[in-house]
Amino acid sequence: MSKLFEYSGSEDFCPGSSMYTNPKDSSLFLSLPHHVDLYFPPRKRSRITAPFVFGSKANVSIDILPDECLFEIFRRLPGGKERSVCASVSKKWLMLLSTISCHELKSEDEAASKEAEDIEIESDGYLSRRLEGKNATDLRLAAAAVGTASRGGLGKLVIRGNNEIGKVTDLGLKAIARGCQSLRALSLWNLSSIGDEGLCEIAKVSHQLEKLDLCKCPAVSDKAVIEIARNCPKLTDITIESCARIGNESMRAIGQYCSKLKSIAIKDCSLVGDQGIASLLSLNTCALNKVKLQALNISDVSLAVIGHYGKAVTDLALTDLKNLSEKGFWVMGNGHGLQKLKSFTISSCNGVTDMGLESVGKGTPNLKHFCLRKCSFLSDNGLVAFAKAARSLECLQLEECHRITQFGFFGVLLNCSTNLKALSLISCLGIKDVSSELPIQASSGSLRSLTVRNCHGFGNRNLALLGKLCPRLQNVDFSGLVGIDCCGFLAWLQNCQSGLVKINVSGCINLTDKVVSSIIKHHGWTLEMLNLNGCRKITDAILTSIANNCPLLSDLDVSKCSITDSGIATLARSTQLNLQIFSVSSCSFVSDKSLADLIKLGETLMGLNIQHCNAISSSTVDLLVGQLWRCDVLS
């Protein structure tokens with residue numbers, strides 16, 4: 001008996017060879033008399049997969065145990081750390097461990113909850129894992145499920161697949177379903193190998209799911225989305241993009257079962273049509289406040305539904321919807337359902353016309369932010385009518401609307417409400433310089449931020465008129481205005497009454513030291529950002545002026561300017577300058593001589609751009625990177 005208790009498993013139970021000369025001889029086994037009665041209680045038959053070996057010495061291994069035994073052993077391990085160690089032994093053990101659900105674990109002590117694992121912790125307290133490219137595989141998912149099961153499983157899972165390198169299948173999602181039943185956020189991108197089966201498993205157990213993001217998952221159909229909608233009542237945020245098998249039935253299920261849904265974005269799903277959008281909006285009128293629709297086969301019917309049932313919608317984006325017409329926008333504006341709408345973006349929708357836009361302005365009394373991109377049929381009359389109707393508007397952005405001219409632009413400034421704080425005009429080729437002075441009846445004194453970018457026809461007269469209409473500007477972006485020279489800038493500066501804070505004049509090739517010196521002289525004490533990128537006539541004289549007059553300047557870009565080592569030295573000697581971002585990219589006259597001065601400036605810098613400075617050697621760059629350890633150096 002003592003031998004029995006001393007047996008460790010690493011040696012044969014009986015020393016030497018076999019305990020019988022002929023172990024197959026049946027006479028050597030004990031036998032019972034025929035009159036002895038034995039009672040065997042009924043029990044489940046165990047499955048034995050390993051053969052019994054008699055006589056010869058056997059290699060004893062735990063692998064000979066059936067899966068049922070290993071399962072029972074693994075689920076009785078004291079904590080997640082032990083399970084993770086076992087999972088790293090072999091692929092078989094890992095996959096077996098991933099089949100254990102959270103509720104099947106036998107012991108969950110306090111120590112297990114304090115184990116340190118390589119898992120990110122979100123700000124709201126739950127565990128997060130992100131798998132990308134070649135790391136996005138079923139094995140990685142199984143390992144994540146096993147490693148976090150003792151702490152309640154993952155709360156957030158993001159998978160960005162790469163179908164050419166690794167694959168995630170339904171098997172991996174099933175492992176997540178078993179080990180991460182407290183999942184709150186799930187994002188699946190570019191995963192052609194997953195289908196309905198894995199997502200249905202997640203839907204059965206992840207009742208805490210709040211956010212779902214499906215992008216480029218062609219095998220996922222309505223079946224999976226319907227199951228998720230039915231079983232995950234806490235969903236608040238859904239994004240579905242480029243999923244060809246998801247259609248109207250999914251939209252109906254989301255509207256019917258997801259009563260707490262606040263945000264939904266649908267893009268490039270060919271099976272989603274008017275019926276789906278109508279079901280989604282009409283069945284969920286209380287909570288849904290953010291709607292984004294892009295590249296869908298919907299018509300004016302959907303706009304009518306939005307205009308009538310979108311009573312809780314505060315943020316609406318319509319992009320690349322080719323089937324919309326003027327009638328749809330007119331009906332939407334007259335539906336009187338968008339009373340709470342605050343932000344509205346319309347991009348690449350040819351149905352936007354003067355009449356439709358005016359109707360939208362009248363039907364959205366609380367609209368504050370409005371963005372129009374690539375709306376080629378909108379003219380000056382519609383824009384001005386909208387500005388008159390939208391009395392709560394605070395921010396207006398126009399981009400690539402080529403029928404808008406200088407008359408529409410100034411018409412907005414003359415007719416907008418006093419609430420308008422920001423106006424942007426980007427790449428609108430219809431803008432030309434005014435041929436004569438326009439009658440000024442009132443000024444837009446409320447405007448604080450103005451962007452006129454890459455409008456090549458915008459000239460000196462327009463800029464001078466802006467100074468009179470908008471005297472209290474603080475942030476301006478005039479980048480890419482090649483038609484403006486010193487005369488226009490100086491006329492504009494004469495009417496600037498407030499201190500300028502941010503100025504971007506990159507690409508204004510006619511800008512000279514005279515104009516920038518005037519800006520610094522009158523506004524240097526408030527200036528925080530100055531971008532002179534591409535203004536080749538700017539010299540070291542400007543850096544000297546900055547060093548003496550801009551104590552608040554934190555962001556300076558003089559890329560492609562005529563700056564030399566002398567100008568850098570002047571900045572470094574300044575005692576009041578506190579630069580955090582400094583760019584001298586493509587300044588061919590800045591050389592290795594500026595090393596010490598750049599190190600001096602680096603005491604406050606967070607970012608330094610010296611790309612394409614050909615006179616700076618690679619050894620100097622290495623020294624800068626080593627010295628400026630807290631600064632991000634681009635070279």
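Q: What is the relative accessible area of C217?
A: A quick word first: this is a predicted model, where local features need pLDDT of at least 70, side-chain atom pairs count only at pLDDT 80 or more, and totals for chains, interfaces and linings use all residues. Residues are numbered from 1 along each chain as its sequence is written, and side-chain values use heavy atoms, with hydrogens and water left out. Buried means under 20% relative accessible area, exposed means over 50%, and partly exposed lies in between (1.4 Å probe, protein chains only). C217 counts as buried, and its relative accessible area is 0%.

Q: How many disulfides does the structure hold?
A: A disulfide needs a pair of cysteine sulfur atoms within 2.5 Å. The closest cysteine sulfur to that of C217 belongs to C243, and at 5.0 Å that's too far for a bond. C232 is also buried, at 0%, but its closest cysteine sulfur, in C258, is 7.8 Å away, again too far. The disulfide count for the structure is zero.

Q: Which residue's side chain makes a polar contact with the side chain of S242?
A: You'll find S242 in the loop between β6 (237-241) and α9 (248-257); helices (H or I, at least four residues) and strands (E, at least two) are DSSP runs numbered from the N terminus. S242 isn't a glycine, yet it has a positive phi of about 55°. A polar contact is a pair of N or O atoms within 3.5 Å; within protein, one must be able to donate a hydrogen and the other to accept it, and residues adjacent in sequence count only if both atoms are side-chain atoms. At 3.2 Å, the partner is D268.

Q: Which residues is S242 in contact with, leaving aside its neighbours within four places in sequence?
A: Contact here means heavy atoms within 4.5 Å. The polar partner D268 is on the list. In full, S242 is in contact with K216, C217, K267, D268 and C269.

Q: What is the phi of K374 near?
A: K374 is in the loop between β11 (369-373) and α14 (380-389). It's partly exposed, with a relative accessible area of 43%. Although the residue is something other than glycine, its phi is positive, near 55°.

Q: How many aromatic pairs are there?
A: Rings of Phe, Tyr and Trp (its six-membered ring) pair if their centres lie within 6.5 Å; planes under 30 degrees apart are stacked, over 60 edge-to-face, and the rest tilted. Ring pairs also link F344, F370 and F386 into a cluster. The aromatic pair count comes to six.

Q: Why do F409 and F458 count as an edge-to-face pair, and what is the angle between their planes?
A: F409 belongs to helix α15 (residues 406-415) and F458 to the loop between β14 (449-453) and α16 (460-469), so 49 residues separate them along the chain. F409 and F458 are both buried. The ring centres are 6.1 Å apart, and the pair is edge-to-face because the planes sit at 80°.

Q: Which residue's ring does the charged end of R160 sit over?
A: A charge sits over a ring if NZ of Lys or CZ of Arg is within 6 Å of the ring centre and within 35 degrees of the ring normal. For R160, the distance to the ring centre is 4.3 Å. The ring belongs to W189.

Q: Which elements do the buried residues of α19 pack against?
A: In helix α19 (residues 540-549), the buried residues are D540, I542, L543, S545, I546 and A547. As a reminder, an α-helix has 3.6 residues a turn, so residues three or four places apart point the same way. The packing partners are α18 (513-523), β17 (529-531), β18 (555-557) and α20 (565-573).

Q: What do the buried residues of α7 pack against?
A: Helix α7 covers residues 196-205, and its buried residues are D196, G198, L199, C200, I202 and A203. They pack against α6 (170-179), β4 (185-189), β5 (211-215) and α8 (222-231).

Q: Which residues does T620 contact, leaving aside neighbours within four places in sequence?
A: T620 is in helix α22 (residues 618-627). It's buried, with a relative accessible area of 6%. Its contacts are D592 and L595.

Q: What distance separates the C-alpha atoms of R461 and K432?
A: R461 is in helix α16 and counts as partly exposed at 48% relative accessibility. Not counting residues up to four places away in sequence, R461 touches D433, V434 and S435. K432 is 29 residues away along the chain, and the C-alpha separation is 9.8 Å.
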